[in-house]
Amino acid sequence: MNSWLRAYGSVPLCILLCCVVPAVCAEQAYSAGDVCWSPSITSCTECLRRGPNCAWCFEEDFLDEAGPSQRCDLPVNLLRRGCGPEFMEQSEVKVEVNTTVGSTQVSPRDISITLRPGSEASIIVAVKQLELYPVDLYYLVDVSASMQENLDHLKTVGVALSLRMTEHSSDLWLGFGSFVDKPVSPYINVHPSKISNPCSDYEIRCRPAHGFHHVLSMTGNMSEFTRVIKRQRISGNMDTPEGGLDAMLQAMVCQRAVGWRPEAKRLLLLMTDQPSHLALDSRLAGIVTPHDGRCHLENNVYTGSTKMDHPTVGQLSDKLLENNIYSIFAVEKQQYHWYQELVRMLPGSYLGKLGLFQAPNLIELVVDTYKRLLSEVAVSVSVDDKAVSRYWVSVSPLCPHGSTAKDQSCTGVQPNQTVYFNITIGMRSCPDDGEDEDVTVLVRPVGYNESTVVRIHSKCRCSCGPTKRCHDDDGQSQCTVAAQGSTNQGLMSDSNRKCRVEGSDSDCSGRGVCVCGRCACEQSRLGRVYGKHCEIDDFSCPYEGGLTCGGRGACVSGECVCEDGWMGDSCGCPVSTASCQSSSGLLCSGRGRCVCGRCVCDDHRASGDFCERCPTCQSTCQSYWKCVNCHLSHGLTQKETGHCNKTCVPLVGYMDDVSGQSGGMWVQCMYISNDSCRYRFQTSSQSGQTQLHISRRPECASSSRLVGTFLGVCALTLLCGLVVVAVSRLLLQKRDRSPGGAAVEDRGYHCTGKDLSYIPTTNEKTVTYRRDRPPDRPMELHIQVPKMALGDPWQC
């Protein structure tokens with residue numbers, strides 16, 4: 001193992017690139033201020049977790065009179081205070097490269113890194129682009145009925161493509177597989193006649209539907225490839241999407257059956273004219289088991305098609321990287337946009353749009369894609385799942401001359417050019433158990449069969465030199481470290497008790513360390529911590545408006561001591577209730593309480609700043625009727641007032657005349673008792689106290705007066721009725737008289753003020769009446785009624 005770098009408390013990237021003077025790096029490391037020292041730090045492990053620049057001095061006699069927290073500081077501060085560099089435990093970052101592992105395209109192949117929480121390290125991975133790679137190309141073809149014509153065009157592709165690829169590859173091998181869809185309902189017709197021959201309606205013999213059928217393993221014999229293609233027949237299914245992604249995963253992971261060569265560039269060409277089913281689509285068929293990402297071929301037929309769901313896009317992405325495969329999608333124009341969205345999520349993938357899968361078009365698609373994929377170099381970095389949340393990674397490409405950087409890749413790379421990737425790995429935190437751990441990070445150039453393995457050893461515990469003694473002793477102070485025996489242990493226990501508030505189980509209120517029976521309080525940038533047990537500070541009081549105690553008090557022992565006229569936890573409440581006085585002079589209109597300068601309505605029906613709005617509430621007078629009634633029932637005597645405490649205000653007085661006290665502070669009211677007597681009373685609410693004055697002099701009416709009033713009203717009502725009847729009769733008689741005073745005789749019809757057009761017309765008719773007479777001669781009576789023309793006025 002050869003060491004590439006040794007970090008001395010500095011930034012690893014500076015040392016790795018050899019572009020920063022060590023003194024400058026050291027100056028940057030020590031410019032962070034006193035971020036390491038804290039009285040709460042009692043062990044080496046806690047110290048190094050404060051940050052990558054912190055160090056712990058484990059020298060035995062270092063600062064005998066100081067507590068353990070003094071051992072944690074920046075290295076420059078510890079050196080100045082007398083700690084030798086050989087007695088310092090600090091966040092040293094190491095990067096070592098194993099040069100014994102050879103490589104052709106990717107270097108280095110094996111790297112070891114030592115990190116502590118908060119530290120980071122940078123490495124350089126070089127990827128060289130070669131020329132004339134061996135190429136493995138696997139055709140994965142949709143053989144549904146709509147692909148019949150496209151399947152015929154493949155018969156002449158093999159030999160022509162082999163000849164064309166000789167310009168770019170030294171060795172081309174081809175393989176072939178077919179797919180349709182999952183052979184279950186509703187994807188296919190499950191009638192027995194349709195299962196064996198999906199094309200029976202068209203009197204054509206088709207092969208049964210299948211999820212994936214591996215037909216031809218990788219071979220350099222182009223004649224064999226052409227012969228296999230000519231034997232292929234179409235199949236059929238019911239729905240539009242096909243099972244292309246399901247078959248694609250099997251073609252990637254079944255490496256032994258397909259025959260992928262480890263040294264070759266691997267291309268997977270998927271040909272279809274329809275979109276593909278995605279994960280969860282199989283629930284339509286009752287298949288709910290997620291895909292396990294493994295190979296399930298028996299006799300070259302995919303047996304998991306009816307048992308597992310379609311793979312997720314994330315599974316496809318992982319398997320492409322894991323198996324170093326480029327994917328090419330050759331699709332019809334109508335499906336181009338669907339696959340365009342899919343290709344964006346699959347690394348090392350390319351999309352081609354073709355009208356017909358004719359041989360020249362397919363050859364150009366494969367050649368152009370191969371050239372384009374080789375000219376783009378990108379890397380993918382993956383961290384162990386168990387530790388992915390505790391590490392972060394950044395990638396910066398350094399592209400060769402003539403190429404351009406794009407995100408985390410370089411495009412336009414020519415053969416024999418090298419792309420460098422600066423990869424920085426940082427550690428956020430240790431595992432929950434605080435133990436050291438080993439994590440593997442893989443750096444995979446997309447489409448390459450070589451990769452870089454980065455082995456990270458995280459140090460979460462301190463070794464503290466060859467003696468393995470850090471002199472922290474679980475937080476014991478220096479005056480008790482040297483103590484031994486049961487007597488000294490008892491002294492240590494007594495010393496710790498002196499640092500605790502009675503009833504507490506933590507030293508110095510959790511804000512300091514116990515040093516020889518006395519608390520050394522924590523230093524805080526927020527303010528001062530003091531007191532015998534570090535229980536007092538000047539910054540932990542409530543804030544209001546960004547100010548401690550609202551700027552209207554002082555913070556003493558964690559509580560606000562308010563100025564005159566203010567109260568509350570944050571001194572935000574005025575003592576005066578003047579802001580709660582309504583326009584009537586009542587406190588919160590008599591319906592609430594003044595809390596922190598604002599009215600809080602006791603009645604949920606009341607609202608407003610002064611509880612003045614309450615449409616469904618009783619009036620102020622009505623709210624005291626029960627109280628007045630109670631006092632009346634006890635004879636308005638002061639000795640009996642105690643019986644009305646539950647229904648009355650505390651201050652009730654009796655007066656001979658309450659009308660004499662008037663003004664804005666008093667509300668005049670009236671109460672009518674059961675004996676129809678009226679009692680006047682008045683209320684007032686001042687400074688939160690409600691007063692009630694009841695008049696001793698009722699206003700009562702005699703019973704004889706009431707009877708007279710009732711009889712008078714009845715007589716007046718009867719008289720008014722008689723007058724109305726007489727007037728009505730006179731008016732009717734006057735209307736029946738003619739203007740001359742004579743009565744109008746009844747002559748058949750009377751003209752009224754109605755519209756004359758409503759009077760019906762008559763028809764001319766002759767009526768003959770015969771009456772028996774003496775036999776000498778009969779007598780006939782003729783009556784003629786003339787017909788009135790329509791529209792003539794009716795004459796009266």
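Is Leu731 buried or exposed? Select Leu731 and see. Leu731 counts as exposed, because its relative accessibility is 56%, and the cut-off for exposed is over 50%. Keep in mind throughout that this is a predicted model.

**Stop 1: a surface patch**

Stay with Leu731. This residue sits in helix α17, which covers residues 703-736. Now add Leu719, Val723 and Val727 to the selection. Together with Leu731 they form a nonpolar patch on the surface. The accessible area of the four together is about 370 Å².

**Stop 2: the largest nonpolar core**

Next, go inside. The largest nonpolar core has 76 residues. Select Ile113, Tyr139, Leu154 and Leu161, which touch the most other members. Then colour residues 359-375. This is helix α13, which gives the most to this core, with 8 residues.

Zoom in on Ile113. What is Ile113 in contact with, leaving aside neighbours within four places in sequence? Show Lys94 and Val95, then Ala121 and Ile123. Add Ile425, and finish with Val454, Arg455, Ile456 and His457. These residues complete the set of contacts.

**Stop 3: another core**

Apart from the largest core lies another, of 31 residues. Among its members are Phe179, Met248, Val331 and Tyr336. Select these four to find the place.

Keep Met248 on screen and add Ser327. Ser327 touches Met248, not counting residues up to four places away in sequence. On the same count, Ser327 also touches Leu268, Leu320, Gly348, Ser349 and Tyr350. Ser327 belongs to strand β15, residues 325-332. Ser327 counts as buried, because its relative accessibility is 1%.

**Stop 4: salt bridges**

Now turn to charged side chains. Side chains of opposite charge can pair when their charged atoms come close. How many salt bridges does a search of the whole structure find? The search finds 16.

Start with Lys182 and Asp246. Their side chains meet in a salt bridge, at 2.8 Å from N to O. Lys182 lies in the loop between β10 (171-179) and α7 (192-196), and Asp246 in helix α9 (residues 244-253), so the pair ties together parts that are 64 residues apart in sequence. Are these two partners buried or exposed? Lys182 counts as buried, at 1% relative accessibility. Asp246 is buried as well, at 2%.

Move to Glu322 and Lys319. The side chains of this pair meet in a salt bridge at 3.5 Å, N to O. Both residues are in helix α11 (residues 313-322). Why are they separated by about one helical turn? Because they are 3 residues apart in that helix. Glu322 is partly exposed, with a relative accessible area of 45%. Lys319 is buried, with a relative accessible area of 17%.

Now select Arg461 and Glu435. They form a salt bridge, with the closest N and O atoms 3.2 Å apart. Arg461 is in the loop between β23 (452-458) and α14 (478-481). Glu435 is in the loop between β21 (418-427) and β22 (437-445). The pair links distant parts of the chain, 26 residues apart. Arg461 is partly exposed at 42% relative accessibility, and Glu435 is partly exposed at 35%.

**Last stop: a network**

Finish with three residues. Which residues are linked to Asp136 in a network of salt bridges? Select Asp171 and Arg261 alongside Asp136 to show the network.

Technical notes
Residues are numbered from 1 along each chain as its sequence is written. This is a predicted model: local features need pLDDT of at least 70, side-chain atom pairs count only at pLDDT 80 or more; totals for chains, interfaces and linings use all residues. Side-chain values use heavy atoms; hydrogens and water are left out. Patches are made of residues with over 30% relative accessible area and no salt bridge: like charges are joined within 9 Å, nonpolar side chains (Val, Leu, Ile, Met, Phe, Trp, Tyr) within 5 Å. Accessible areas come from the Shrake-Rupley method with a 1.4 Å probe; for residues, only the protein chains shown count as cover. Helices (H or I, at least four residues) and strands (E, at least two) are DSSP runs, numbered from the N terminus. Buried means under 20% relative accessible area, exposed over 50%, partly exposed in between (1.4 Å probe, protein chains only). Contact means heavy atoms within 4.5 Å. A nonpolar core is a set of buried Ala, Val, Leu, Ile, Met, Phe, Trp, Tyr and Cys residues joined through side-chain atoms within 4.5 Å.
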